[in-house]
Amino acid sequence: MGTSLDIKIKRANKVYHAGEVLSGVVVISGKDSIQHQGVSLTVEGSVNLQLSAKSVGVFEAFYNSVKPIQIISSTIEMVKPGKFPSGKTEIPFEFPLHVKGNKVLYETYHGVFVNIQPQKGKLTPSPVDFTITPETLQNVKERALLPKFLIRGHLNSTNCVITQPLTGELVVESSEAAIKSIELQLVRVETCGCAEGYARDATEIQNIQIADGDVCRSLSVPIYMVFPRLFTCPTLETTNFKVEFEVNIVVLLHADHLITENFPLKLCRV
Amino acid sequence: MASRAGRGEAVSGREKRAGCPDTSAHVTGKMAVFPWHPRSRNYKAEFASCRLEAVPLEFGDYHPLKPITVTESKTKKVSRKGSTSSTSSSSSSSVVDPLSSVLDGTDPLSMFAATADPAATDSSRKRRDRDENSIIGSDFEPWANKRGEILARYTTTEKLSINLFMGSEKGKAGTATSAMSEKVRTRLEELDDFEEGSQKELLNLTQQDYVNRIEELNQSLKDAWASDQKVKALKIVIQCSKLLSDTSVIQFYPSKFVLITDILDTFGKLVYERIFSMCVDNRSVLPDHFSPENVNDTAKETCLNWFFKIASIRELIPRFYVEASILKCNKFLSKTGISECLPRLTCMIRGIGDPLVSVYARAYLCRVGMEVAPHLKESLNKNFFDFLLTFKQIHGDTVQNQLVVQGVELPSYLPLYSPAMDWIFQCISYHAPEALLTEMMERCKKLGNNALLLNSVMSAFRAEFIATRSMDFIGMIKECDESGFPKHLLFRSLGLNLALADPPEGDRLQILNEAWKVITKLKNPQDYINCAEVWVEYTCKHFTKREVNTVLADVIKHMTPDRAFEDSYPQLQSIIKKVIAHFHDFSILFSVEKFLPFLDMFQKESVRVEVCKCIMEVFIKHQQEPTKDPVILNALLHVCKTTHDSVNALTLEDEKRTLAYLINGFIKMVSFGRDFEQQLSFYVEARSMFCNLEPVLVQLIHSVNRLAMETRKVMKGNHSRKTAAFVRACVAYCFITIPSLVGIFTRLNLYLHSGQVALANQCLSQADAFFKAAISLIPEVPKMINIDGKMRPSESFLLEFLCNFFSTLLIVPDHPEHGVLFLVRELLNVIQDYTWEDSSDDKIRIYTCVLHLLSAMSQESYLYHVDKVDSNDSLYGGDSKFLAENNKLCETVMAQILEHLKTLAKDEALKRQSSLGLSFFNSILAHGDLRNNRLNQLSVNLWHLAQRHGCADTRTMVKTLEYIKKRSKQPDMGHLTELALRLPLQTRT
């Protein structure tokens with residue numbers, strides 16, 4: 001026993017683009033020499049829809065109709081059957097990343113360490129100013145019970161480069177009730193559709209507090225959020241599925257009033 | 001194996017020799033009847049012949065001590081008109097210091113340092129030039145200094161709690177409108193949660209418990225890091241920094257800040273070092289001033305990972321603190337990283353609602369900023385101005401409500417801001433232009449109720465800046481609102497500045513009057529004393545004893561009611577220290593009327609002793625001239641007595657030593673000039689006062705002995721009846737004091753010493769008494785004695801003492817009523833009866849010395865004499881009976897020596913026999929008359945004995961023989977030639 005196998009990829013940040021060469025080494029180490037039937041390396045990439053626990057039952061039929069789509073697959077034989085000596089053996093490998101058939105590679109956004117980006121977007125800044133008062137709110141049951149407040153602010157752009165933070169400013173001009181907390185909530189909305197209908201799933205992927213406690217009035221508080229690398233990808237819209245992002249500014253007042261302002265975002269990679 | 005065999009061989013070799021007919025027994029057996037014939041000496045002639053010839057030094061000849069005087073006289077002539085400083089510098093250049101010339105210019109250490117980094121010196125110097133203004137110097141008071149102060153000052157008796165997992169977190173997440181996938185949620189929670197599923201809430205902690213817990217966390221952070229659990233380490237840091245958002249038990253907050261930022265510092269350092277170590281490969285080490293291009297990708301990626309991880313921390317306060325703690329790591333990523341990060345973090349603090357929490361966050365950022373990038377002053381200023389913008393919050397409803405809930409008054413709440421603000425102000429004002437300081441001051445002035453700001457300005461700005469505007473500040477302090485920041489703290493801060501820098505000459509008295517007017521009105525003794533303590537320094541510095549007296553009187557008046565002084569010993573102590581630091585002239589100090597009444601306030605013994613020690617230390621340090629001023633003597637005797645009386649069975653040796661040193665210092669400084677009687681009665685008084693401290697008694701004995709010798713000197717050796725009586729009184733003093741000492745060698749040496757003094761003063765019977773006392777004490781010398789806490793064998797000390805004693809005995813005249821050489825006989829008896837260590841030859845060494853003594857005693861005229869005392873040489877005048885007695889003694893001693901040599905004829909002692917034999921040979925050579933045949937024969941036998949078993953050092957033997965040959969060429973030494981012929985050298989083979 002005591003044999004271990006590890007794949008090490010050369011590039012430190014593990015990000016590769018289509019057409020590039022992925023290279024690395026397979027490290028096999030063990031105390032004793034090991035008999036083996038050959039080593040081969042397989043690269044696989046696929047898209048599949050995972051059902052969240054919440055929507056079980058509703059979309060099962062639909063889920064079954066969407067098979068995982070394979071987008072990349074290749075196998076190379078590295079070593080013929082034989083024996084590894086005791087100690088550490090390193091076998092280098094490399095293979096080009098080619099898309100299977102005429103399919104397009106989309107960026108992975110979920111926990112796989114190969115991350116491929118096919119297209120280049122263009123960014124036009126789109127600043128948004130906002131004002132939040134009791135009057136601007138929707139879905140309020142008894143508007144009269146709300147304490148008075150006035151919150152102003154702006155987002156520097158809702159078109160964001162995924163590697164750059166979301167920025168802006170927020171000013172609490174006045175508020176009768178003390179403020180407990182102000183948060184930025186990043187939400188991902190996934191939509192899958194086919195002839196039978198479509199499924200929409202919104203997930204909070206990051207929640208960042210930008211103000212804690214009763215902040216000073218008329219003093220601007222910065223809005224600043226780094227997009228998490230693993231849970232975000234450029235906004236995507238295809239015939240079969242959509243991945244979109246939104247940010248909510250959530251203001252919590254004392255006496256548990258919760259005020260949310262929603263802004264759709266468009267993420268891209270430059 | 002080989003070595004064992006070798007040893008075996010050696011043993012058998014020895015056995016073989018031992019098997020030979022035992023000649024050594026035969027030799028020593030014969031030796032026992034050898035009589036002693038001392039060589040007669042002409043000391044004067046010997047002395048003249050040994051003396052180095054004095055050679056007059058020609059101008060320009062080399063002499064190690066000469067150049068200094070020569071060049072000085074030269075340059076004085078040349079530069080008579082020049083200043084003295086130029087004289088000294090010109091002379092010093094030509095002076096050859098014998099010590100430095102040995103080192104050839106550079107000392108080895110600095111040479112080593114210079115060569116250690118040959119490549120780096122040039123480039124690093126360039127860098128140093130560039131960084132000159134960006135590096136903080138030693139004049140910047142580091143955070144480490146403030147730490148302890150804050151921890152000591154901001155304490156609480158209330159119960160504290162540590163909540164290492166925000167229990168409400170899960171509930172809050174549930175209220176969010178959108179659902180989180182399970183995986184995402186657990187990932188995020190992993191960061192928040194300390195240990196899977198564990199929620200640690202520790203309630204009811206005392207302050208000490210709290211500190212301990214935090215220290216444990218610090219340790220577990222290090223442990224986690226060391227065991228490669230980086231995520232756990234990060235979790236610990238996040239949980240800890242969360243504690244800083246909790247403002248319950250608000251009076252403890254500053255201390256909490258100190259404790260937790262310690263952990264953050266640890267973390268920051270660990271991360272930085274880790275990434276730094278990743279940049280080091282086998283070939284090269286990253287220089288201290290590296291640029292991001294030199295950092296490899298793996299290190300960069302790891303660094304970036306840390307920043308991404310931290311950017312996703314949900315809560316604002318931990319996110320801020322953790323990012324700030326690894327600010328330095330930006331250096332790995334980009335050149336401008338830090339300068340971009342600092343302003344962003346500064347803005348981020350605006351999101352912190354609680355003004356106290358936010359001001360401490362600013363302080364932390366300034367602290368990290370000063371450490372990592374001291375040249376980025378902009379962010380520091382921005383922090384200050386942002387703080388001013390939020391200043392009004394302090395008086396807002398949220399804060400006021402919180403204070404009501406916690407039951408904290410505004411005057412005790414506001415000072416909680418001081419440490420953080422002082423720090424921010426200090427960072428900004430460091431090397432800041434005057435204009436910036438003025439601007440900051442003006443902006444503080446404009447804000448209402450600005451006492452808090454004023455205080456920080458005074459604490460942090462340059463003392464000179466404050467001191468020159470003292471009157472302005474007094475004006476501003478007066479205008480401050482009574483209900484807010486306590487005024488006594490403001491005056492305290494001002495006083496601290498004035499202790500460091502001087503205000504304009506004209507304002508000085510007015511400042512004191514204005515300040516003291518307010519201080520004296522303070523009702524609370526604690527507030528009062530904290531303030532007064534600071535202002536005493538200013539008063540002492542600029543005013544006379546009259547003002548100081550007034551201030552001391554005022555302090556006494558305030559602190560006496562209800563024994564308020566009991567709670568303020570540290571401050572009162574500090575006042576005393578300041579006063580004595582400024583009044584070096586003790587006659588003035590003790591004439592300050594209220595000084596001694598002030599001392600009376602120290603009623604707790606340990607404190608009183610501390611204060612007394614301080615006074616004595618200063619006295620010893622600053623008193624230049626011996627004094628007999630009755631005011632000083634009375635006061636200091638009182639002070640010394642106080643310290644002495646604190647000694648009891650539990651007092652540590654060290655403490656006793658210190659006290660004795662101080663009291664001795666005082667005793668040495670007391671002199672009544674020619675009034676010797678007065679001096680002696682002072683010593684008598686001192687003895688009765690300080691009887692518990694042995695070193696003081698020893699000092700007193702020495703002082704009295706010195707007094708006796710002084711008297712002798714004044715009388716030029718011819719005592720009158722009166723002085724003779726006085727000297728006897730001195731001697732009696734010593735004689736009755738010595739037995740009260742404990743240390744056996746202390747007593748022995750003092751007996752000897754005092755005996756010598758008595759002898760020198762012609763008190764013969766008294767001297768005899770001392771020597772007899774010493775002799776009768778010798779049997780009491782224990783085998784082992786305690787030296788500096790370790791048990792050591794005492795024999796070597798005894799040997800040393802006895803040799804010294806013999807030298808004195810040479811000149812002690814015999815008592816007419818006792819037998820010849822009665823002291824020597826008595827001493828010999830004591831030596832004979834003393835139980836000596838079996839394995840040592842000390843007894844024989846002593847006998848050899850006795851032999852030397854007896855030889856010296858049989859001379860016609862002794863080597864030395866005491867003035868006006870007839871020694872045995874003139875008493876007996878070479879009487880044959882005396883010489884016969886002397887020789888008889890010699891024979892006994894020699895018999896003893898030879899007997900001992902015989903007992904050494906055993907295997908394991910052969911080496912000792914050899915060396916002892918040689919030493920005896922040398923003694924005979926030096927002191928014996930070798931023209932006597934038997935003595936001559938004895939010496940030849942001894943020579944053989946020394947060489948017999950191959951134990952002798954050939955080189956020594958050769959040298960000895962050479963010496964004999966050389967001696968034989970001297971007049972009257974011809975017989976040595978013949979002796980030399982009879983002394984063969986044994987060859988190794």
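B:K146 is buried in this predicted model, with a relative accessible area of 14%. Its side chain is not left without a partner of opposite charge: B:K146 forms a salt bridge with B:E141, and the closest N and O atoms of the two are 3.5 Å apart. The partner sits in another class of accessibility, since B:E141 counts as partly exposed at 31%.

**Salt bridges in chain B**

Let us stay with charged pairs for a moment. Over all chains, the count comes to 38 salt bridges. Here are some of them side by side, including one that joins the two chains.

| Pair | Closest N to O distance |
|---|---|
| B:K146 and B:E141 | 3.5 Å |
| B:D386 and B:R362 | 3.9 Å |
| B:D841 and B:R912 | 2.8 Å |
| A:R229 and B:E301 | 3.2 Å |

Take the pair B:D386 and B:R362, with its closest N and O atoms 3.9 Å apart. B:D386 belongs to helix α20 (residues 377–390) of chain B and B:R362 to helix α19 (residues 355–372) of chain B, so this salt bridge ties together parts that are 24 residues apart in sequence. Both B:D386 and B:R362 are buried.

The pair B:D841 and B:R912 has its closest N and O atoms 2.8 Å apart. This one links distant parts of the chain, with the two residues 71 apart. B:D841 lies in the loop between α44 (822–833) and α45 (842–857) of chain B, while B:R912 is in helix α48 (residues 910–927) of chain B. Their surroundings can be told apart by accessibility: B:D841 is buried, at 5% relative accessible area, whereas B:R912 is partly exposed, at 23%.

Some salt bridges also share partners. In this way B:R350, B:R362, B:K382 and B:D386 are joined into one network, which brings back the B:D386 and B:R362 pair described above.

**A buried glutamate in helix α30**

B:E533 is another charged residue worth a look. Its place is helix α30 (residues 525–542) of chain B, and B:E533 is buried with a relative accessible area of 15%. Which residues does B:E533 touch, not counting those up to four places away in sequence? They are B:R492, B:Q571, B:S574, B:I575 and B:K578.

**Cysteines without disulfides**

The structure holds zero disulfides over all chains. Why is B:C279 not bonded to its closest cysteine, B:C303? The sulfur of B:C279 is 8.8 Å from that of B:C303, which is too far for a bond. B:C279 also counts as buried, at 7% relative accessibility. B:C329 is likewise in no disulfide; its nearest cysteine sulfur, again that of B:C303, is 5.1 Å away. A disulfide would need the sulfur atoms within 2.5 Å, so the 5.1 Å between B:C329 and B:C303 does not qualify. B:C329 is buried as well, with a relative accessible area of 0%.

**Chain B as a whole**

Stepping back, chain B contains 51 helices and four strands. Of its 989 residues, 49% are buried. How many of the contacts in chain B between residues at least 6 apart in sequence join residues at least 24 apart? The share is 74%.

**Where chain A meets chain B**

Now to the interface. Chain A brings 33 residues to the contact and chain B brings 38 residues. The area buried between the two chains is about 3000 Å², with carbon and sulfur atoms giving 57% of that area. On the chain A side, A:Q209, A:L219 and A:R229 supply 20% of the area that chain A buries against chain B, more than any other three residues.

A:R229 has a further role in this picture: its side chain meets that of B:E301 in a salt bridge, at 3.2 Å from N to O. Two salt bridges are found across the interface of chain A and chain B, along with 12 residue pairs in polar contact.

Which elements give two or more residues to the side of chain A that touches chain B? They are β12 (179–194), β13 (197–212) and β14 (220–225) of chain A. Of these, β13(A) gives the most, with 11 residues. Sorted by class, the side of chain A that touches chain B has 17 nonpolar, nine polar and seven charged residues.

Conventions:
Residues are numbered from 1 along each chain as its sequence is written. Chains are lettered from A and ligands numbered from 1 in the order in which they are written. This is a predicted model: local features need pLDDT of at least 70, side-chain atom pairs count only at pLDDT 80 or more; totals for chains, interfaces and linings use all residues. Side-chain values use heavy atoms; hydrogens and water are left out. Contact means heavy atoms within 4.5 Å. Buried area is the accessible area (1.4 Å probe) that two parts lose on being put together, summed over both. A salt bridge is a side-chain nitrogen of Lys or Arg within 4 Å of a carboxyl oxygen of Asp or Glu. A polar contact is a pair of N or O atoms within 3.5 Å; within protein, one must be able to donate a hydrogen and the other to accept it, and residues adjacent in sequence count only if both atoms are side-chain atoms. Ala, Val, Leu, Ile, Met, Phe, Trp, Tyr, Cys and Pro count as nonpolar, Asp, Glu, Lys and Arg as charged, and the others, Gly among them, as polar. Buried means under 20% relative accessible area, exposed over 50%, partly exposed in between (1.4 Å probe, protein chains only).
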